[in-house]
Amino acid sequence: MKLLIDDANIAAIRRIYDLYPIDGVTTNPSILAKTGKQPFDVLKEIRDFIGKDADLHVQVLATDAAGMLKDAERIVKELGEDTIVKIPCIPEGFKAMKALSQKGIRTTGTAIYTPMQAYLAGKAGASFTAPYINRIDNMGYDGVAVCKEIQDIFDNNGMETQMLAASFKNSQQVLELAEYGIGCATVSPDVIESFVANPAIYAAVDAFIKDFETLTGKSTMAEL
Ligand code: G3P
């Protein structure tokens, strides 16, 4: 399972990339708004930092297919042809996904709350589909179960569309989907930093150092 950062704060992206094995970055208009900067300025900074081979998902704003195509063309012009264009899974969005697929522009069907939206996005040629795990949970359903159901629909129908699960509130949701073998999860920096926020891990590391210091009077192998 690929692991992406769901954020546009360049300082947070740099910090997480430095520490963890990360495959790319996803954004949406609300995430971009939080930066307070011009969208393409922020997105170009992210693209320059992660490199042209890392996955970068950027969302259209238009709500009609013709406008979505224009947004998509501008996104790939500014950020590179490999940039993946996020399109909401509404009827006009499926129309745009079909057209962009024919042009060879990769898309992510987003704003997914139901398996039917994901099935239609896959049929329309989307490379990825983004179910909103935590938002589905908050509606009284099971976001992880919905994501697994979508994966089963793709597998059982020979569809190559990958999962890009989004909207996580905890590491367990991410881990359950990794166990299921979905394609990608995109996770906010604070949830990524909670992955190993376990005092037992740090207590074990501290105990190793203490024992080593008792034996050698040094704290590291390099000091010996
Ligand atoms: O792009 C969708 C995803 O980022 C939503 O996450 O945390 O706002 O539910 P969240």
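**Salt bridges, cysteines and pockets**

Good morning. I begin with D53, which at 65% relative accessibility counts as exposed, where exposed means over 50% relative accessible area, buried under 20% and partly exposed in between (1.4 Å probe, protein chains only). The model is predicted, so local features need pLDDT of at least 70 and side-chain atom pairs count only at pLDDT 80 or more, while totals for chains, interfaces and linings use all residues. Residues are numbered from 1 along each chain as its sequence is written, and side-chain values use heavy atoms, with hydrogens and water left out.

Let me stay with D53. Its partner in a salt bridge is K52, and the closest N and O atoms of the two are 3.4 Å apart. By salt bridge I mean a side-chain nitrogen of Lys or Arg within 4 Å of a carboxyl oxygen of Asp or Glu. K52 is also exposed, with a relative accessible area of 61%.

How many salt bridges are there by this rule? The count comes to eight. One of them joins K103 and E73, with 3.2 Å between the closest N and O atoms. This pair links distant parts of the chain, as K103 belongs to helix 5 (residues 91-103) and E73 to helix 4 (residues 65-79), 30 residues apart. Helices (H or I, at least four residues) and strands (E, at least two) are DSSP runs, numbered from the N terminus. E73 is partly exposed, at 36% relative accessible area.

A further salt bridge is formed by the side chains of E176 and K148, at 3.3 Å from N to O. Because E176 lies in helix 9 (residues 171-180) and K148 in helix 8 (residues 143-156), the pair ties together parts that are 28 residues apart in sequence. Both residues are partly exposed: E176 has a relative accessible area of 28%, and K148 stands at 23%. In addition, K44, R74 and E78 are joined into one network by salt bridges that share partners.

I turn to the cysteines. A search of the whole structure finds zero disulfides, a disulfide being a pair of cysteine sulfur atoms within 2.5 Å. Why is C89 without a bond to C147? The sulfur of C147 is the closest cysteine sulfur to that of C89, yet at 13 Å it is too far for a bond. C184 is likewise in no disulfide, and the nearest cysteine sulfur, that of C147, is 10 Å away. C89 is buried at 7% relative accessibility, and C184 is buried at 1%.

Finally, the pockets. The largest pocket has a volume of about 460 Å³. Of the 27 residues that line the largest pocket, D6, D7, I31, K34 and S188 lie nearest its centre. Elements giving two or more residues to this lining include helix 1 (10-19), helix 3 (39-50) and strand 8 (184-187). Which element gives the most to the lining of the largest pocket? Helix 2 does, with four residues.

The second largest pocket holds about 180 Å³ of space. Among the residues lining the second largest pocket are P29, F40, V60 and R74. Helix 2, helix 3, strand 3 (55-59) and helix 4 each supply at least two residues of this lining. R74 thus appears twice in my account: in the salt-bridge network with K44 and E78, and in the lining of the second largest pocket. Thank you.

Notes
1 Å grid on protein atoms, 1.4 Å probe; cavity = no way out; pocket = protein on both sides within 12 Å on 5 of 7 lines; lining within 4 Å. Points joined across faces, edges and corners; volume = space filled by probe spheres on them.
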